[in-house]
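Work through the exercises below with the sequence and the coordinates at hand. Each task is followed by a solution in steps.

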Amino acid sequence: MSTPLRREGLDKLTGRERYVDDLDLAGCLWGMTVRSPAARGRIREVRFGDGVDWSEFVVVDFRDIPGPNEIRLIELDQPVLAADRVRHIHEPVVLVAHSSRTMCRRAIEQIEIVVDPEPAVFDFRVEPRAEQVQHDSDNVLSRISINKGDIEAALARADHVVEGVYETGAQEHVYLETQGMAAWLDGDVVVIQGSMQCPFYVLNALMHALGRDASGVRVVQSSTGGGFGGKEDFPSNLAIHTALLALKAGRAVKMIYDRAEDMAATTKRHPSRVRHRTGVMSDGRLVAQDIEVLLDAGAYATLSSVVLSRGIIHAGGPYACDNVRICVRAVLTNSVPFGAFRGFGAPQTQFALERHMDVIAQRLGLDPVEIRRRNLICDGQSTATGQVINDGTDRVALLDLAVAESKFVEKKAAHVSFHAGSAYCRRGLGLATFMHGGGFTGSGEDTLKAKLHVGGCRDGSIEVLSAITEIGQGTKTIFASIVAERLGVDASVVTIATPDTARVPNSCPTVASRSAMVVGRLLERACDDLRARLGLTPEDRGERVQEAIREWHVLHPGEALLGKAEYERPPNIAWDEKTYRGDAYGAFAWGTYVAEVEVDLRTCACRVLSFHAVQEVGRVLNRTLATGQIQGGVVQAIGWALMEDCVWEQGAMKNTQFTNYIIPTTLDVPPISVTFLETPYAFGGGGAKGLGELPMDGPAPAILNAVADAVGIEPVSIPLTPEQLLELLSHDDAT
Amino acid sequence: MPTTLGEALSVLEELKGDAVPIAGGTDLMVSWPERFIEHERTYLDLSGLDELRAHRWTEDALEIGALTTFWDIVRDPQAAREMPILVDAARTVGAVQIQSRGTWAGNIANASPAADGVLSMMALDAVVELAGAEGVEEVHLDELYLGYKQMRKRADQLITRVRIPRRTLEFQSFVKVGSRRAQAITKIGLAITRSDAGWRVVASSMAPTVKRCCAIERMLDDRVPVDGPGGFAAAIGSDVSPIDDIRTTAVYRESVMARVLFHELARVCPWICAGGDSV
């Protein structure tokens, strides 16, 4: 397949792309949010200050919500606007709108939310006291377990049992474009246009809270400047807020968060604590994995239960182990709710596992490469859920390729001589082997049954109608390529419809690394359906297809020509939601990443010197885009591993500026070498497996393993900031 | 908008110091939309004062004008040869866009304890020229600051020039420890020079102001032997007073300052060398 340029690339490069903040809406008002000052309590009063002429403002509170005061997602626990209770600082309580943004900013400072505080809980690792319990008897929002084999017997007969506890911190998405929505009325229809990943999530949430059916609401995605999961669930909240203001004002309203508000009030990656107790034989073979995972869900359930689900399935990693027990829980705290973020639970659990593998190797005196080589799943062996892997990928060869490409052995030797000549720099190498399942977990795809249409237009051009959103990953380019390849036409005759719930079918959300793999496959089948409707055979390609489309329209004036497809489960896939046994994903992508770091012992700063990312992702559909996805994910994970430290006070993030929430700059990022192995996946679009989230999983453990190698300590939590490392080194070394 | 210094000073006097002088605006404009209270203040735009733009080398000093930007110094090869710690400091302020607008005088006037430009200028014994309706006065940069964001400069005075003496410098070093390798606010900053006037050691982000470390300077002038970072602990304790803040901790600041000092000085001072563990 050719590698065409990114379709929206030039507009983004030249600044012509128009985001929601750029939309010209005549006479629109600006909406802003008044938020809870308290982490938990009862709202006693909302005071409006005297210094403001409130008649100039549109003011909305919970009483203005036409439907139930609930944000429809998995649970219905989160209110649209707090009515009598708040569960976290920054929880929205009142909305105001005005034609002047500055007037709005002044006004919201004159509204005081008076809260009678109640005992809040902030540390998810500590059992709540009775007065802190806010859900069931223990604040546990969700729990799952996996059992394979006989864990206790296996631990009893293991040569060694190695234990460890690992922790990861929250992470802010830092999409370039902050959250933003516009709403207006078109006749009786509420129209929403804004930055989002999942138009139908937004549609469903609006229908619920506004008490309207689908004919009364329309959702259109605007050009979206990045999402990373941060625009999976949260846009529903903001869309409802904007719609409420527009309904009350009878005018168009925009709500655009500034960076500080976006960082303070929107979701982040779930913090985690993972315990490992591993039975291992002296030769390094794993015989028992006993794993306990705890996630901080924050104040509302959002997507925590499904984050937990992906987390548990990846917790055992790409290793063949006959006896596995994994227990996972997500607990409520009075922090800002945590939500979807690239990787979705898998980076947390695989960070713990891959650090732990190095700890085991260290205890047993084994080479970190060798212990992985001895345990990687071979075709015919099974994962923790009992999913038998048979995809033709040689994971040991992948590991060996990464070791060779990164010159692992040669660099180790070079480090010895480097240390002899350096007063305060220490270098180290680390690796991680990992996997990432593509598409929804378990029976998700089967239950939701995504749909997609391919339209044949009168002029012979082809239009893809899907709800999949372009959020920087290159979906428009990929989809055009898939159509071009399937129908033999030039990609330039393929257009991608704007995701607009009034026009496109529900292809389900743009999440879970599913766009190319799952929806791309629907696109191929819809192309086949289109061709069949035209009475053509698969041998008919290119101009013959376009000619047939034009002829069809001559014979069917005024009608729409649509090729359609709906999700069908690939054969031989079975999943049992009750026991968590079976085929958790249609396909896994596999990776081995190698990091080389340098630690400056004066400042305790860790710098990644080189990075090698080797992965098997099915067929690569566009090498430039795929390489960019991997490199971007590695950079995001370098930030998570070493820098991005959410500073909390009463469950609210304090460092909500780019001067104090530190993400990597280009100078903090090494050259990132990307290598693909390709084993086409028969049920993925163009043979692709999921790719977008994979690179979030491997870098953090590889980097920490490299730091451990460099300075001879065992770091167990991220972010490993210089301050953290200084503390570890001071404890480790009394001199 | 004033086009001469005289006009600017009379405006300042007329407004009794209520006007805020603005040059590059790289500090004043941060988070501007959200700082709406400050929209109502009066700003005195200095950008028309061409007479204060250029920097120049006189026989015995480098004179930096009130509107001289960081980038002006970065581009001057003479500065790189004679006073490389000015260039090093300028290079670490924000990104190139900020460096090309931000001014050295503004860096002084903002009075941040983390100011990178002030750090190097103070280690070079810079003298600040303050002009007001009552005339011109000169203040040594290391005597300008009185406390956090407190200065000897009155609100009706403008910084018109900074004079840095040209001396033979046997050693000069600028070290900025930030939270990343670019675009970072300093967690610990150190500028060290040695000339016939003696040692100068200046620290930033370690006290309420950028501060000369006189106890450390005395140790160096007296060639007090030091065999590891811990040897500086007492002097650091008397010179600076670091705090925990959103960027780092007091413990980190003290400990890293000692290590950086030790390793920078061990390169040039034979009486400072590792005895046993060097970190």
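The exercises concern a predicted model and go from the fold of one chain to domain and chain contacts.

**Exercise 1.** Determine whether the radius of gyration of chain B agrees with that of a compact globule.

Solution. Start with the length: chain B has 279 residues. The globule rule, 2.2 Å times the number of residues to the power 0.38, puts the expected radius near 19 Å. Chain B has 19 Å, so the value agrees with the rule. For the extents, the C-alpha trace spans about 65 × 45 × 30 Å along its principal axes. As for burial, 48% of the residues of chain B count as buried. Finally, take the contacts in chain B with a separation of 6 or more: 62% of them are between residues 24 or more positions apart.

**Exercise 2.** Establish the strand order of the five-stranded open sheet in chain B, and find its edges.

Solution. Begin with the inventory: chain B contains 10 helices and 13 strands. Five of the strands make up the open sheet, in the order 3-4-9-5-6, with antiparallel pairing. Strand 3 (56-57) and strand 6 (135-140) of chain B each have a single partner strand, so they stand at the edges and one side of each lacks a neighbour in the sheet. Next, look at one pair within the sheet: strand 4 (residues 61-65) and strand 9 (residues 158-165) of chain B run antiparallel and are joined by five bridges. In this pair, B:Ile64 is opposite B:Val162 of strand 9. Last, add the helix: helix 1 (residues 5-14) of chain B lies across strand 5 (127-132) and strand 9, at about 125 degrees to strand 9.

**Exercise 3.** Describe the contact between domain 1 and domain 2 of chain A.

Solution. First set the bounds. Chain A is divided into domain 1 (9-118 + 173-265), domain 2 (272-441 + 580-732) and domain 3 (450-566). The centres of domain 1 and domain 2 of chain A, taken over C-alpha atoms, are 35 Å apart. Their contact involves 24 residues of domain 1 and 25 residues of domain 2. On the domain 1 side, helix 6 (residues 259-265) of chain A supplies the largest share, five residues. That side consists of 11 nonpolar, six polar and seven charged residues.

**Exercise 4.** Which element of chain B gives the most to the side that touches chain A?

Solution. Count both sides of the contact: 23 residues come from chain B and 24 residues from chain A. On the chain B side, helix 10 (residues 250-266) gives the most, with six residues. Sorted by class, the chain B side has 10 nonpolar, seven polar and six charged residues.

Technical notes: Residues are numbered from 1 along each chain as its sequence is written. Chains are lettered from A and ligands numbered from 1 in the order in which they are written. This is a predicted model: local features need pLDDT of at least 70, side-chain atom pairs count only at pLDDT 80 or more; totals for chains, interfaces and linings use all residues. Helices (H or I, at least four residues) and strands (E, at least two) are DSSP runs, numbered from the N terminus. A residue is buried if 20 or more other C-beta atoms lie within 10 Å of its own, exposed if 12 or fewer, and partly exposed in between; C-beta atoms are placed from the backbone. Two residues are in contact if their C-beta atoms, placed from the backbone, lie within 7 Å. Two strands pair if DSSP finds at least two bridges between them. Axes are lines fitted to C-alpha atoms, for helices over the stretch in contact, and angles run from 0 to 180 degrees between N-to-C directions. Domain bounds come from an automatic or database domain assignment. Ala, Val, Leu, Ile, Met, Phe, Trp, Tyr, Cys and Pro count as nonpolar, Asp, Glu, Lys and Arg as charged, and the others, Gly among them, as polar.
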